[in-house]
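Trainee: I have the sequence and the model open. Can we work through them with short questions and short answers?

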Amino acid sequence: MPFPPLTPNQLFARLDALGIAHRTYSHPPVFTVAEAAALRGALPGGHCKSLFLKDKKAGLWLAVVLEERQIDLKQFAAALGAPRFSFGSPELLHQTLGVRPGSVTPFALANDREGRVTVVLDRATLEHDPLNYHPLENDRTTAISPADLLRFISACGHQPCIFDFAAVAPA
């Protein structure tokens with residue numbers, strides 16, 4: 001990455017500059033969906049996970065889904081007409097999105113200034129308000145509205161593909 005990635009405070013300033021309302025909750029660092037679920041208590045809204053994927057032709061993808069969603073990566077790639085998916089390495093993740101494993105988030109698209117990542121959002125996430133994501137580090141959770149998530153992604157120069165992940169859930 002030819003520039004330092006955004007810090008959470010720089011992200012919040014960017015959200016403010018875009019007129020995007022947000023609320024952030026602090027908590028101990030979490031690395032898994034199960035850890036996050038155990039700590040959040042009654043935090044309202046949709047709780048999501050973000051998967052950083054690489055296809056066999058070196059294309060990069062960010063799949064943002066509801067946390068309970070199971071995904072068959074082979075079916076997912078086929079449904080998108082993409083080459084076979086695997087998880088991107090921690091090094092590639094940091095080089096491209098400026099975050100570490102456990103902190104993958106659509107907010108990291110602000111660090112993808114080259115537009116290398118294709119964003120795929122689970123259609124079901126957009127039915128929840130607010131949506132909750134790590135703000136570039138996994139010791140906080142930031143809530144924003146679905147409309148503002150879409151606006152933020154667009155402001156980062158990305159056009160998300162809205163996808164029905166229920167169609168590629170394992171049987």
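Trainee: Is Arg-140 buried or exposed?
Mentor: Start with the cut-offs: buried means under 20% relative accessible area, exposed over 50%, and partly exposed in between (1.4 Å probe, protein chains only). Arg-140 has 18% relative accessibility. So Arg-140 counts as buried.

Trainee: What kind of model is this?
Mentor: Residues are numbered from 1 along each chain as its sequence is written, and side-chain values use heavy atoms, with hydrogens and water left out. Local features need pLDDT of at least 70, side-chain atom pairs count only at pLDDT 80 or more, and totals for chains, interfaces and linings use all residues; the model is predicted.

Trainee: Which residue meets Arg-140 in a salt bridge at 3.0 Å?
Mentor: A salt bridge is a side-chain nitrogen of Lys or Arg within 4 Å of a carboxyl oxygen of Asp or Glu. The partner here is partly exposed, at 35% relative accessibility. The N to O distance is 3.0 Å, and the partner is Glu-137.

Trainee: How many salt bridges are there?
Mentor: One of them joins Asp-122 and Arg-69. Apply the salt-bridge rule and the count comes to four.

Trainee: How many residues apart in sequence are Asp-122 and Arg-69?
Mentor: Their closest N and O atoms are 2.9 Å apart. Helices (H or I, at least four residues) and strands (E, at least two) are DSSP runs, numbered from the N terminus. Asp-122 is in strand β5 (117-122), and Arg-69 is in the loop between β3 (60-66) and α3 (73-80). So the salt bridge ties together parts whose separation in residues is 53.

Trainee: What is the relative accessibility of Asp-122?
Mentor: Arg-69 counts as buried, at 17%. Asp-122 counts as buried too, and its relative accessibility is 0%.

Trainee: Which residue forms a salt bridge with Arg-151?
Mentor: The closest N and O atoms of the pair are 3.1 Å apart. The two residues are three apart in helix α5 (146-155), so about one helical turn separates them. Arg-151 is partly exposed, at 37%. Its partner is buried, at 13%: Asp-148.

Trainee: Which residues do shared salt-bridge partners join into one network?
Mentor: Look for salt bridges that share partners. They link Glu-137, Asp-139 and Arg-140.

Trainee: Which element gives the most residues to the largest nonpolar core?
Mentor: A nonpolar core is a set of buried Ala, Val, Leu, Ile, Met, Phe, Trp, Tyr and Cys residues joined through side-chain atoms within 4.5 Å. The largest has 32 residues, and Phe-52, Leu-97, Phe-107, Leu-109 and Phe-152 touch the most other members. Elements giving two or more residues include α1 (8-17), β2 (46-55) and α4 (90-97). The top giver, with four residues, is β3.

Trainee: How many residues does the other core have?
Mentor: It lies apart from the largest core. Leu-53, Ile-71, Ala-77 and Ala-82 are among its members, and their core has a residue count of 15.

Trainee: Within what arc do the buried residues of α3 fall?
Mentor: Leu-73, Phe-76 and Ala-77 are buried in α3. They line one face, while the face turned away carries the exposed Lys-74 and Ala-78. The arc is that of the directions from the helix axis to the C-beta atoms. Seen down the axis, the buried residues fall within 95 degrees.

Trainee: Which residue caps the N-terminal end of α3?
Mentor: Find a side-chain oxygen 3.0 Å from the backbone nitrogen of Lys-74. The capping residue is Asp-72.

Trainee: With which side chain does the side chain of His-27 make a polar contact?
Mentor: His-27 is found in the loop between β1 (23-26) and α2 (33-40). A polar contact is a pair of N or O atoms within 3.5 Å; within protein, one must be able to donate a hydrogen and the other to accept it, and residues adjacent in sequence count only if both atoms are side-chain atoms. At 2.8 Å, the partner is Thr-141.

Trainee: What is the radius of gyration of the protein chain?
Mentor: The chain has five helices and eight strands. The radius is taken over C-alpha atoms, and the globule rule is 2.2 Å times the number of residues to the power 0.38. For 171 residues the rule gives 16 Å, and the chain's value is close to it, so the chain is as compact as a globular protein of that length. The radius of gyration is 15 Å.
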